Amino acid sequence: MQTSEIEKVLISSEEIAKRIKEVAAQLDADYKGKMPIAICILKGSVVFFADLIRAMETPVTVEFMKVSSYGFGTTSSGKLSVSLDILSNIEGKDVLIVEDIIDSGHTMYALKNMLKTRNPASLRIITLLDKPARRVSEISADYTCFEIEDEFVIGYGLDYAERYRDLPYVGILSRSVYEN
Ligand code: PRP
């Protein structure tokens, strides 16, 4: 990869590891004595998910889901398209949704409402990145690793046209890449 494709490293792998350790300790305290179901929202959260569950001492079971939202106009009443659903029944279970980024909030808003209808005992959201400046749907995470400005971020799971997910850090993509 040309280094000129990355404008700068926004969050280094060391900073990510340090922050994950902190949130994992908080999750361990909050889920003490429990075994939550951790849901990885594909594809973006796969790297964060793998690091997070290994940093937690709390035992978890894992599930994977691929979703996208559509039909949002000026309101927050859009729909959720589920291309891969979880396999287990979450009724009466503690559920932790693991997301890479909350941007407009449409996806998480619709996902949370959908999972709520399955009657989990508790339903919490953790996100690696939060971009509050872009929020349209009224949703917030229970745990946020990093709040960021409205920048085009890639790496550590996040992509541009399916590239850069394998970078070990969160970077800002050069304008020259997506304006060409
Ligand atoms: C990204 C991200 C969130 C969603 C956030 O997924 O992983 O799920 O967009 O955007 P929103 O807050 O505006 O709804 P994307 O659809 O790009 O899929 P990917 O994770 O497979 O890259």
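The following questions and answers deal with the ligand site, a salt bridge and two backbone features of a predicted model.

Student: What do the numbering and the confidence limits rest on?
Tutor: Residues are numbered from 1 along each chain as its sequence is written, and side-chain values use heavy atoms, with hydrogens and water left out. In this predicted model local features need pLDDT of at least 70 and side-chain atom pairs count only at pLDDT 80 or more, while totals for chains, interfaces and linings use all residues.

Student: How many residues surround the ligand, and which element gives the largest share of the shell?
Tutor: A residue is near the ligand if one of its heavy atoms lies within 4 Å of it. The shell holds 15 residues, with Glu-99, Asp-100, Ser-104, Gly-105 and Thr-107 the closest. Both β5 (94-102) and α3 (106-116) supply at least two of its residues; helices (H or I, at least four residues) and strands (E, at least two) are DSSP runs, numbered from the N terminus. The largest share, four residues, is from β5.

Student: Which side chains have an N or O atom at 2.8 Å and 2.6 Å from a ligand oxygen?
Tutor: A polar contact is a pair of N or O atoms within 3.5 Å. One ligand oxygen lies 2.9 Å from a polar backbone atom of Gly-44, which is not a side-chain contact. For side chains, the 2.8 Å distance belongs to Lys-66 and the 2.6 Å distance to Ser-104.

Student: What salt bridge does Arg-19 form?
Tutor: A salt bridge is a side-chain nitrogen of Lys or Arg within 4 Å of a carboxyl oxygen of Asp or Glu, and the count by this rule is 13. The partner of Arg-19 lies three residues away, about one turn, in helix α1 (residues 13-30). With the closest N and O atoms 2.8 Å apart, that partner is Glu-22.

Student: Where is the cis peptide bond from Leu-42 to Lys-43?
Tutor: Omega for this bond is near -5°. Lys-43 is placed in the loop between β2 (37-42) and α2 (46-55).

Student: Which residue has a positive phi although it is not a glycine?
Tutor: The phi value is about 55°. The residue is found in the loop between α3 and β6 (122-130); it is Asn-119.

Methods
Polar contact = N/O pair within 3.5 Å; in protein donor to acceptor, adjacent residues only side chain to side chain.
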